[in-house]
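Let's take a walk through this one together. Have a look at the picture below, and then we'll go from a single residue out to whole chains and back again.

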Amino acid sequence: MTPFSYTRAGDAADAVRLGAFGGAKYLGGGTNLVDLLRETIERPSALVDVAGLPATIEEREDGSLLIGAATRNAALAEHRAVRSHYPVLARAILAGASAQIRNMATVGGNILQRTRCAYFYDDEGSRCNKRSPGQGCDALDGFNRIHAILGASADCVATHPSDMCVALAALDATVHLQGPAGTRRLKLTGLHRLPGTRPDLETALEPGELITAVELPALPAGARSTYRKVRDRASYAFALVSVAAVLEADSGTVREVRLALGGVAPKPWRARKAEDALRGGPATVQAFRAAAESELADAAPLRDNGFKVELAKRTITAVLGDLAGVAA
Amino acid sequence: MSILDNAKAAAQGAAQAVMKKAVELAPDAWVPGGKPDPLIRSKHGLIGAPISRIDGPLKVQGRAKFAAEFPLDGMVYAAVAFSTVPKGRIATLDTGAAEAAAGVVLVMTHRNAPRMNNMPLFMTAEKAAGGDNLPILQDDRIHWNGQPIAVVLAESQEQADHAKSLIGVTYAQEPAVTTLAGARAQGADIGMFQGQPLKTTVGDAEAALAAAPVAIDATYTTPRHNHNAIEPHAATIAWHGDELIVQDAAQAVSHMAWSLASVFGLDERQVRVTSPYVGGGFGAKTLWQHQVLGAAAARLAGRPVRIALSREGVFRIVGGRTLTEQRVAIGAEADGRFTSIIHTGTIVMTRHNAMPEPFILPTRGAYAADSFKLEVEAVYMDMLANTFMRAPGEAVGTFALECAVDELAARLGMDPIELRIRNEPAKDPIEGLPFSSRHIVEAWRAGAARFGWARRNPAPGAVRDGAWRVGMGCATATYPYYRMPGGAARMKLTKDGSVRVEVAAHEMGMGTATAQTQVAAERLGLSMAQVSFGYGDSIMPGVVLAGGSQQTASIGASVMAAHHALTVELLKLAGNDSPLAGLGADEVEGLDGGLAKRGEPDRHESYVSILARARRDALVVEAAAPPPLETQHWSMHSHGAMFCEARVNAMTGETRISRFLGSFDCGRILNPKTAASQFRGGIIMGLGLALMEETQFDERKGRVMNPSLAEYHIPVHMDVPEIDVIWTDIPDPHAPMGAHGIGEIGITGTGAAVANAVFNATGKRVRDLPLTLDKLM
Ligand SMILES: Cc1cc2nc3c(=O)[nH]c(=O)nc-3n(C[C@H](O)[C@H](O)[C@H](O)COP(=O)(O)OP(=O)(O)OC[C@H]3O[C@@H](n4cnc5c(N)ncnc54)[C@H](O)[C@@H]3O)c2cc1C
């Protein structure tokens with residue numbers, strides 16, 4: 001760990017003022033950032049603790065939900081409105097990490113958690129373009145079982161590891177930001193960047209920008225949602241493949257579908273190709289499988305993760321089948 | 001006969017000669033393996049009582065002090081920097097920034113480390129305990145990726161960790177062997193284990209295999225595993241002049257004291273290693289470079305040092321289980337009788353250790369067959385020295401052997417349990433010795449009944465429950481009875497009638513202190529409260545390794561010897577005015593706080609009375625256990641029958657274990673509560689071995705890429721079903737207390753039971769561990 005200063009922000013404005021200094025970082029629950037500090041992968045000169053900022057969950061008249069960025073993951077998953085209206089979100093959160101970590105982790109921190117690529121973590125012994133731009137990538141020909149099959153580049157194949165974000169992507173969530181230049185909103189699906197030639201640039205956030213809240217629009221009445229995570233042990237493991245889905249089907253026809261994948265891409269992967277293929281079409285296992293095929297047509301597997309292509313297809317098909325009530 | 005077989009026969013002959021002589025010299029009380037331990041007869045006392053661990057309350061209250069919890073005046077904290085290349089020399093090393101950092105007391109590198117000898121390598125001398133025998137900070141050479149290159153001492157752990165990150169180092173790399181293919185290309189040796197080549201030939205097994213009407217011939221692979229005890233390695237180290245005191249996390253205190261003395265050129269008596277509590281050992285809590293580094297830095301800085309490895313540190317410098325590639329071929333008659341058993345293959349080790357994972361050991365005693373060909377070949381890499389890990393040899397050896405037996409059963413169309421019973425040997429199939437105690441058939445029958453084996457559908461892939469395919473599998477568990485030479489104990493009887501027993505043994509969470517207090521109290525005719533059991537200190541008697549599941553027998557034999565000596569002394573003190581007058585030590589036993597004639601409990605005098613009449617405050621005796629001759633007379637093993645029910649998701653290949661049962665034949669169970677925990681713990685570790693455990697060793701650089709419990713998977717609670725354990729509880733008449741050690745057998749057979757259940761569920765035979773979902777999709 002490199003020495004740093006530590007300040008608790010009183011409110012968002014205070015946080016943004018403190019966070020505007022170069023080398024400052026916001027601190028949520030610390031479950032990811034503190035590990036990265038210990039590994040000296042993150043070396044901020046100042047930590048601005050934002051875990052005390054608003055953690056309220058506001059149910060608004062239009063049916064939407066406004067979630068304070070400091071809301072703990074456990075509190076969000078437990079919230080009555082989330083459990084009844086957005087089961088996909090509650091399930092995604094509960095599928096992640098451990099109870100202890102979810103008690104600490106915040107919504108803002110979860111969104112901005114960094115990849116679990118082993119070569120990214122190995123500051124001393126491995127090359128990583130995300131950590132040290134231009135250095136090269138040891139994951140390309142190394143252990144890449146947990147790495148991306150979609151959206152990766154020749155410079156970086158790391159995945160975004162969050163479960164919660166996959167649900168947020170499927171829910172069309174909007175992220176509220178506040179920065180030195182004022183406030184703005186961004187779709188969650190537009191917040192994370194694909195690596196291209198600059199895997200070190202992970203998000204569309206400006207320096208010093210703070211996540212203040214996440215907004216979930218109401219789901220169409222009659223829509224059902226769920227989350228399925230496939231992993232190497234029953235709990236406490238990151239997703240190999242996960243699927244978040246919202247489906248509104250009516251007498252055998254898909255009215256509305258939103259599908260997002262986790263564990264397969266550098267960002268929570270909204271499966272637009274599959275959605276386009278499905279919308280207005282039949283809600284059948286064959287159609288679901290065909291849509292999954294189209295989404296994964298561009299998949300580029302690596303040494304260890306070829307199985308993810310078929311696994312993702314099967315999981316998409318099964319999850320949509322469950323929501324539509326049609327068995328494989 | 002091959003040269004090696006000749007050598008082996010000669011060695012055996014020599015051993016037998018020694019044995020004969022030792023039998024003549026053995027003390028009268030207990031010829032090992034001769035007269036059964038009288039304690040076997042006591043049925044309603046403390047032995048076999050489900051007594052809770054005496055260290056339990058201390059641990060849940062946080063009052064049990066572990067190695068990194070001893071505060072010393074003036075103590076400084078250590079952080080270790082590790083190399084990031086597998087081989088070469090340190091080209092440049094810049095410690096300026098680290099030395100200038102806040103709180104730093106010392107940066108020790110090969111430039112300023114004191115001159116030291118290399119660690120004596122485990123198993124190369126009676127008390128050798130070193131994991132490797134490389135120079136430690138004596139030169140600029142790098143031998144593996146992760147080798148310590150510097151130690152920082154600072155006033156706080158955080159300051160030490162930070163300063164460590166400021167060390168600048170570059171390397172002049174040299175070609176390293178870090179791939180299996182590369183290692184093979186350099187040639188192989190027959191592995192040497194405990195002074196014997198790992199090679200056994202009986203008859204012509206290849207010819208018998210070729211002629212067999214039914215056969216299986218397959219290759220099984222198991223990956224590297226790293227040690228992940230809940231307590232990472234740690235030591236608190238202080239010099240008092242030329243005396244070295246180490247509060248360690250240790251499973252071999254006497255070995256470590258001797259080995260540290262040899263590193264620093266001291267007399268053994270100048271080093272004291274204590275270890276009251278250990279958060280799990282499993283074969284890894286021996287001497288690795290960190291204790292040496294800590295002691296050297298403490299000497300250089302003139303301050304006591306606490307060196308507590310990070311989890312990553314344990315992965316970098318404490319060895320684990322090496323990978324294996326095993327061929328198992330079994331030839332059988334149509335009725336299932338084995339005509340040939342071949343178990344051969346390759347393991348990887350280093351030039352600086354002595355541990356060729358002996359995966360053929362379980363095959364030497366498991367089944368009868370007309371011919372055997374067993375052989376372990378070692379190839380060498382530039383890597384961290386591999387080492388012992390719970391049931392070394394057996395854990396992975398039984399995976400291959402017991403999967404092959406299951407595969408053969410399927411070919412024969414036989415029930416796999418019946419196939420095993422059909423090949424039950426009447427005597428040791430290799431050595432020809434009689435078994436001391438072997439009731440595995442009872443264990444199979446009892447286990448099968450309780451598990452509901454009869455409900456298993458033998459057709460693979462036939463049972464489905466919704467999205468899940470369901471199957472049952474079984475496997476034999478087996479582990480030898482060992483008792484190593486060197487056991488000794490001290491007993492001190494005080495005038496209030498209480499006894500303190502001391503043995504330089506270890507409590508690593510297994511329940512040793514509890515069970516041995518029970519045993520000693522029963523032997524002495526005292527209550528638990530009147531007996532205290534001292535252990536974990538190298539100044540106590542005995543050279544007792546907590547390894548090979550041998551502690552129970554080793555302590556048992558030592559305490560028997562001390563008890564005999566105590567009885568002899570007490571009878572002398574009792575003299576002619578005692579009801580015991582005229583009786584010899586073998587005619588009396590401990591009863592109701594004193595001695596009584598066997599079978600005549602009224603001929604009794606209490607310890608208090610004997611000492612009072614003799615005007616003695618205390619009586620102290622010390623005695624050595626007789627050499628372990630019982631293992632020369634009999635083939636001694638523990639056995640088990642493992643049953644698993646697995647559910648495999650038809651869509652994803654995810655495997656979840658829904659039921660597990662272990663049915664054990666391990667002699668007399670001293671304490672069913674602590675024993676059940678040992679069995680279950682072994683099985684849980686076996687589930688990890690079966691389903692998920694795997695060190696990611698990057699062959700490009702010889703570097704471990706998952707040195708963290710987030711990415712190195714072991715079972716979490718949700719991966720572990722309720723585990724049922726039962727046992728025969730039949731005493732082995734040739735073992736002290738009739739008991740066998742039980743620390744390791746639980747992990748044996750478990751991997752195969754899981755793989756066999758997965759096969760029964762899916763029809764897919766996976767021969768490559770771990771059984772991750774991609775192999776089952
Ligand atoms: C062993 C382990 C297993 C895990 N398993 C899973 C899993 O299975 N699934 C899963 O989804 N996750 C998993 N996680 C990750 C966990 O979900 C994240 O660590 C957690 O969500 C991060 O939240 P935090 O509040 O602790 O973030 P912090 O660690 O505090 O911060 C993370 C990042 O977010 C930034 N940040 C925090 N708050 C804000 C804000 N308001 N505005 C702007 N930037 C901010 C910080 O500067 C930092 O860069 C696991 C973590 C561990 C350690």
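Contact here means heavy atoms within 4.5 Å. Keep in mind that this is a predicted model.

**Starting with one histidine**

Which residues does H147(A) touch, once its neighbours within four places in sequence are left aside? There are C117(A), A139(A), V157(A), A158(A) and T159(A), and further along G263(A), L302(A), N305(A) and K308(A). H147(A) itself belongs to the loop between α8 (118-121) and α9 (164-170) of chain A. Is H147(A) buried or exposed? Its relative accessible area is 2%, so H147(A) is buried.

**The two chains side by side**

Now zoom out. Here are some values for chain A and chain B.

| Item | Chain A | Chain B |
|---|---|---|
| Helices and strands | chain A: 13 helices, twelve strands | chain B: 18 helices, 32 strands |
| Extent along the principal axes (C-alpha) | chain A: roughly 60 × 50 × 35 Å | chain B: about 80 × 75 × 55 Å |
| Residues that count as buried | chain A: 59% of 328 residues | chain B: 63% of 777 residues |
| Accessible surface | chain A: about 12800 Å² | chain B: about 26500 Å² |

How do the chains fare against the globule rule? With its 13 helices and twelve strands, chain A has a radius of gyration of 19 Å, close to the 20 Å that the rule gives for 328 residues, so chain A is as compact as a globular protein of that length. Chain B has a radius of gyration of 27 Å, which agrees with the value near 28 Å that a compact globule of 777 residues would have.

Next, think about how each chain meets itself. Take the contacts between residues at least 6 apart in sequence: in chain A, 63% of them join residues at least 24 apart. For chain B, the share that joins residues at least 24 apart is 80%.

As for the outside, carbon and sulfur atoms supply 51% of the surface that chain A exposes. In chain B, 53% of the accessible surface belongs to carbon and sulfur atoms.

Then there are the charges. Chain A carries 39 positive and 36 negative charges, and the mean positions of the two sets are 2 Å apart. Chain B has 72 positive and 80 negative side chains, with the centres of those sets 1 Å apart.

**Rings that meet**

How many aromatic pairs does the structure hold over all chains? The count is 15. One of them joins F122(B) and F388(B): their centres are 5.2 Å apart and their planes at 85°, an edge-to-face pair. This pair links distant parts of the chain, as the two residues are 266 residues apart. F122(B) is in the loop between β3 (104-108) and β4 (141-142) of chain B, while F388(B) is in the loop between β18 (371-380) and α10 (394-412). F122(B) counts as buried because its relative accessibility is 15%, and F388(B) also counts as buried, at 15%.

Y479(B) and Y482(B) make another pair: with ring centres 6.1 Å apart and planes at 80°, the pair is edge-to-face. Here Y479(B) counts as buried at 4% relative accessibility, whereas Y482(B), at 21%, counts as partly exposed.

Rings can also gather in a group. One aromatic cluster is formed by W444(B), F451(B), W453(B) and F643(B).

**Two more stops in chain B**

Look for E99(B) in helix α3 (residues 96-100). With 44% relative accessibility, E99(B) counts as partly exposed. Leaving aside its neighbours within four places in sequence, E99(B) is in contact with V104(B) and V107(B). A154(B) is 55 residues away from E99(B) in sequence, and the two are 9.6 Å apart in space, C-alpha to C-alpha.

Where is I539(B) placed? I539(B) is in the loop between β23 (531-534) and α14 (551-574) of chain B. Beyond its neighbours within four places in sequence, I539(B) is in contact with R272(B) and R490(B). I539(B) and T324(B) are 215 residues apart in sequence, and their C-alpha atoms are 39 Å apart in space.

Key: Residues numbered from 1 in each chain as written. Chains lettered and ligands numbered in written order. Predicted model: local features only at pLDDT ≥ 70, side-chain atom pairs only at ≥ 80, totals over all residues. Heavy atoms only, no water. Helix = DSSP H or I, 4+ residues; strand = E, 2+ residues; numbered from the N terminus. Rg over C-alpha atoms; globule rule 2.2 N^0.38 Å. Buried < 20%, exposed > 50% of the residue type's maximum accessible area, 1.4 Å probe, protein only. Areas by Shrake-Rupley, 256 points an atom, 1.4 Å probe, with all protein chains shown as cover. Lys, Arg positive; Asp, Glu negative; His and termini not counted. Charge placed at Lys NZ, Arg CZ, Asp CG, Glu CD. Phe/Tyr/Trp six-rings, centres within 6.5 Å; stacked < 30°, edge-to-face > 60°.
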